[in-house]
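Okay, thanks for squeezing me in this morning. Let me put the sequence and the model up on the screen, and then I'll talk you through a few spots.

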Amino acid sequence: MVGARFRPQGRDPATGLDCVGLVWAAYAAAGRMLPLPVGYPLRGWGCERIEAALAAAGFGRADDGRDGDVALIALAAGQFHLGVMGAASFVHAHAGLRRVVETPVDAAMAAVRWRPCPPRCD
């Protein structure tokens, strides 16, 4: 999905993605369908609300880092951003560059990692 254009509330790589749409589209491409949040703002939600939305979508905190984890990163001014972690890279929808990009993971990048919880077999 690297190179797809950025689009607020975008959920389709063909027409554009935002950070939330990128995560959901990446997991869908890997065969894992997740409930897609609707009506979320790109700015203004606090960390607790974002973490609650991730939990409601079936994600749990990941203590060990694995490729494909979702990273929740705190940016300046209390804004948060989601992306997908690789071994040495971070794929995310960059609003400023207006496209999905892959950037190197820097040792200073503080991210809380999340991954979908395994389906329950009841």
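I'll go through the nonpolar cores, then one helix and its salt bridge, and finish with a serine.

Just so everybody keeps it in mind, this is a predicted model.

So, the cores. The largest nonpolar core has 17 residues, and the members touching the most others are Val 23, Trp 24, Leu 54, Phe 59, Val 70, Leu 72 and Leu 82. Where do those 17 come from? Helix H1, at 19–29, helix H2, at 47–56, strand E4, at 70–74, and strand E5, at 80–85, each put in at least two residues. The top contributor is H1, which gives five.

If you want one residue to click on, try Leu 54. Setting aside residues up to four places away in sequence, Leu 54 touches Trp 24, Phe 59, Leu 72, Leu 82 and Trp 114. There's also another core, apart from that one, with eight residues, including Ala 4, Phe 6, Leu 17 and Leu 22.

Okay, on to helix H2. Which residues of H2 are buried? Those are Ile 50, Glu 51 and Leu 54. They span an arc of only 100° around the axis, so they sit on the same side of H2. Flip to the face turned away from that buried side and you'll find the exposed residues Glu 48, Arg 49 and Ala 56. And after H2 comes Gly 58, with a positive phi, near 95°.

Now, you may have spotted a glutamate in that buried set. Glu 51 has a relative accessible area of 16%, and the cut-off for buried is under 20%, so Glu 51 counts as buried. What does Glu 51 pair with? It forms a salt bridge with Arg 61, and the closest N and O atoms are 2.5 Å apart. Glu 51 is in helix H2 while Arg 61 is in strand E3, residues 59–61, so this pair ties together parts ten residues apart in sequence. As a general reminder, side chains of opposite charge can pair when their charged atoms come close. The count for the model is one salt bridge.

Last stop, Ser 89, which is in strand E6, residues 89–94. Is Ser 89 buried or exposed? It's buried, at 13% relative accessible area. Its side chain makes a polar contact with the side chain of Glu 102, at 2.7 Å. Leaving out neighbours within four places in sequence, Ser 89 is in contact with Val 84, Glu 102, Thr 103, Pro 104 and Val 105.

That's my tour, so shout if you want anything back on screen.

Conventions:
Residues are numbered from 1 along each chain as its sequence is written. This is a predicted model: local features need pLDDT of at least 70, side-chain atom pairs count only at pLDDT 80 or more; totals for chains, interfaces and linings use all residues. Side-chain values use heavy atoms; hydrogens and water are left out. A nonpolar core is a set of buried Ala, Val, Leu, Ile, Met, Phe, Trp, Tyr and Cys residues joined through side-chain atoms within 4.5 Å. Buried means under 20% relative accessible area, exposed over 50%, partly exposed in between (1.4 Å probe, protein chains only). Helices (H or I, at least four residues) and strands (E, at least two) are DSSP runs, numbered from the N terminus. Contact means heavy atoms within 4.5 Å. A polar contact is a pair of N or O atoms within 3.5 Å; within protein, one must be able to donate a hydrogen and the other to accept it, and residues adjacent in sequence count only if both atoms are side-chain atoms. A salt bridge is a side-chain nitrogen of Lys or Arg within 4 Å of a carboxyl oxygen of Asp or Glu. The arc is that of the directions from the helix axis to the C-beta atoms.
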